[in-house]
Amino acid sequence: MKSIKNHLSLIIALLSILFSMQIFIIVDRSIDSYKEKLANNYSVVVVSQKRISDKNMIGINKIILSVKELTPDSVIKRLNTDMDSRNIELLKLTLPKFYKLNLKYYPSPKEIKKLTKDLLAKKSIIKVEDFSLNHDATYKLLLLFKGVVSVFAISIFIVTTLLIFKELKIWQYKHNERMSIMGLFGAPIWLRSAVLFRLSIVDAFIASVLVFGLFTYIASSKFILEQFSNIGISVVLFDSIDDFALLLAVAMILSVLLASLIVLGHKEEV
Amino acid sequence: MDKVIIAKDISLAYSNSETIINQANFSINSGSFVFITGASGSGKSTLLKSIYGALKPKQGSLIVGGVELKGVSGKKLNFLRRHIGIVFQDYKLVKEWTIEKNIMLPLIINGYEKGVTQNQVETLLKHVRLKHQAGKYPQELSGGEQQRVAMARALSHNPILILADEPTGNLDDYSSQLIWNLLEGANKQLKTTVIVVTHHIPQSMNIDYKHFHIEYGSIHEVN
């Protein structure tokens with residue numbers, strides 16, 4: 001019972017840190033996925049007097065992913081009243097060229113402005129439609145969402161830091177006496193701190209395994225998956241290899257750091 | 001006869017406080033039994049602390065077991081402490097360990113084999129009449145029993161020197177007598193040097209001993 005109590009205090013602190021961290025990872029992935037979705041749906045339309053090759057167009061700005069030439073058929077169809085096919089072909093030749101540009105990622109308003117400027121710098125390009133009003137509103141919403149997530153992350157960081165320091169004080173109190181007694185009988189520093197490091201490594205492992213179990217369950221929960229599907233976001237909630245490795249590494253580093261701080265802060269009783 | 005402790009002009013003080021022991025000179029032969037007496041606050045425990053290296057001399061030279069303690073390195077101090085057994089008035093047992101493990105501590109630190117450690121602990125538990133309590137934790141024992149555990153721990157690794165700081169201060173007669181018998185036995189049979197800080201020298205001692213008295217910061221031998 002006594003031994004379980006010793007372990008629980010650090011395991012609970014580590015659990016809350018790892019849980020918050022994984023939640024933040026999921027939120028971050030969701031934002032990235034949403035950005036990707038926005039980028040796929042967003043494009044810039046360019047009007048040029050002359051035909052521009054895909055290679056030349058992509059070379060104008062590095063944000064451009066692909067170029068698609070828009071056929072003027074739909075416009076001509078609307079005008080198509082009594083014109084014969086010869087005149088239509090002539091009209092097609094005189095009409096400017098329309099291009100739809102897909103971008104590598106969802107750009108910021110500043111990047112949109114630069115792209116427009118770069119495109120208009122090309123002599124043949126006479127018009128660029130960047131749908132900036134729509135874009136700006138969506139981008140601001142995204143920024144707000146990111147801001148809220150950042151505040152959430154900072155709050156977690158502050159709370160967990162306080163938790164760690166609280167834990168540090170408890171550990172210092174708990175282990176100082178034993179370390180001093182061992183020191184009185186000539187135990188070298190590694191032997192005095194061995195119990196502490198063993199405890200922290202075991203606790204880090206237990207906490208990581210518990211979080212692994214919890215998120216494996218969450219990632220396979222139909223209800224959670226349905227919620228994500230409803231908002232049209234498809235993300236990996238928990239990668240059992242990469243995420244577990246990251247959680248284990250963070251837990252190990254934190255607990256070993258905690259143990260090291262105690263060892264360094266240990267003062268022999270006089 | 002070899003000297004286990006040689007003190008030359010040592011002055012002892014805690015940081016930012018006045019000098020407690022002032023330019024004292026004394027030496028202790030190997031295998032002797034020594035009592036250190038003095039009024040409360042005279043510096044008896046401070047002197048003992050300096051002998052096990054918890055308080056470095058402010059001035060002078062203090063050599064214990066061949067190790068100069070003024071400016072001693074942590075490694076050398078650990079080496080010296082592995083050959084000393086200490087008994088405190090407040091026992092200083094590790095609360096989260098069983099009494100068996102507490103007694104084992106110096107043996108583990110000194111790298112004894114598991115079999116030897118186990119035998120030694122069993123023998124000592126018999127000597128201190130606590131064999132039936134081996135698996136208990138210190139807080140489950142009485143003060144006298146805890147001090148007997150501390151005594152067994154101090155003896156476990158056959159040290160060259162035993163330091164005892166008022167070892168019977170809070171104990172009942174039975175435990176006190178047991179502690180004195182163990183200290184006498186270690187000195188007589190194992191030729192271990194024993195230094196005891198106490199207010200009163202017990203009348204029942206069947207042993208030749210040296211007596212140092214501390215007064216006004218100086219140490220003098222009482223004949």
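Is A:F24 partly exposed or buried, and how many other C-beta atoms lie within 10 Å?

**Entry 1. A:F24**

I examined this residue in a model that is predicted. I found A:F24 to be partly exposed, because 16 other C-beta atoms lie within 10 Å and the count for a buried residue begins at 20. I placed A:F24 in helix 1 of chain A, which covers residues 2-41. I then looked up its partners farther along the chain. Leaving out residues up to four places away in sequence, A:F24 touches A:A153 and A:I156. I also noted A:V149, which is 125 residues from A:F24 along the chain, with 7.8 Å between the two C-alpha atoms.

**Entry 2. Chain A as a whole**

I counted the elements of chain A and recorded nine helices and four strands. Read from the N terminus, their order is α-β-α-β-α-α-β-α-β-α-α-α-α. Of the 270 residues in chain A, 20% are buried. I next considered contacts in chain A between residues at least 6 apart in sequence; 83% of these join residues at least 24 apart.

**Entry 3. Confidence**

I looked up the scores given by the predictor. The complex has an ipTM of 0.90 and a pTM of 0.69. For chain B the average pLDDT is 93, and 100% of the residues score at least 70.

**Entry 4. Where the chains touch**

I recorded contacts between 16 residues of chain B and 12 residues of chain A. On the side of chain B that touches chain A, helix 2 (74-81) and helix 3 (99-109) of chain B each supply at least two residues. I sorted the residues of that side of chain B by type: 10 are nonpolar, one is polar and five are charged.

**Entry 5. Helix 2 of chain B**

Which residues of helix 2 of chain B are buried? I listed B:L77, B:N78, B:L80 and B:R81. Viewed down the axis of helix 2 of chain B, the buried residues fall within an arc of 160°, so they line one face of the helix. I note as background that an α-helix has 3.6 residues a turn, so residues three or four places apart point the same way.

**Entry 6. Nonpolar cores**

Which members of the largest nonpolar core touch the most other members? The core has 70 residues, and I found B:M151 and B:L163 to be the two in question. I followed B:L163 further. Not counting residues up to four places away in sequence, B:L163 touches B:L48, B:I51, B:Y52, B:I84, B:I86 and B:I195. Apart from the largest core lies another, of 22 residues; I noted A:I17, A:I26, A:A207 and A:L254 among them.

**Entry 7. The open sheet of chain B**

I traced an open sheet of four strands in chain B, with the order 2-1-4-5 and antiparallel pairing. Its edge strands are strand 2 (21-29) and strand 5 (67-68) of chain B, each of which pairs on one side only. I looked more closely at strand 1 (residues 3-12) of chain B, which runs antiparallel to strand 2 of chain B and is joined to that strand by six bridges. In one of the pairs I looked up, B:K3 has B:N29 in strand 2 of chain B as its bridge partner.

**Entry 8. Strands 3, 9 and 10 of chain B**

I followed strand 9 (residues 210-215) of chain B to strand 3 (residues 33-38) of chain B; the two run parallel and are joined by five bridges. B:H213 in strand 9 of chain B stands opposite B:T37. B:H213 also has B:H220, in strand 10 of chain B, as a bridge partner. Strand 10 (residues 218-222) of chain B runs antiparallel to strand 9 of chain B, again with five bridges. I recorded strand 9 and strand 10 of chain B as a hairpin with two residues between them, and B:Y216 in the turn has a positive phi of about 50°.

**Entry 9. Positive phi in two loops**

I looked up two residues of chain B that have a positive phi without being glycine: B:K92, at about 50°, and B:E166, at about 45°. B:K92 sits in the loop between strand 6 (84-87) and helix 3 of chain B. B:E166 sits in the loop between strand 7 (161-165) and helix 6 (173-190) of chain B.

Is each of them buried or partly exposed? I found that B:K92 counts as buried because it has 20 C-beta neighbours inside 10 Å. B:E166 has 19 other C-beta atoms within 10 Å and is therefore partly exposed.

Definitions and conventions. Residues numbered from 1 in each chain as written. Chains lettered and ligands numbered in written order. Predicted model: local features only at pLDDT ≥ 70, side-chain atom pairs only at ≥ 80, totals over all residues. Contact = placed C-beta atoms within 7 Å. Nonpolar A, V, L, I, M, F, W, Y, C, P; charged D, E, K, R; others polar. Core = buried A, V, L, I, M, F, W, Y, C linked by C-beta atoms within 7 Å. Buried ≥ 20, exposed ≤ 12 C-beta atoms within 10 Å, placed from the backbone. pLDDT = per-residue confidence, 0-100. Arc of directions from axis to C-beta. Pairing = 2+ DSSP bridges.
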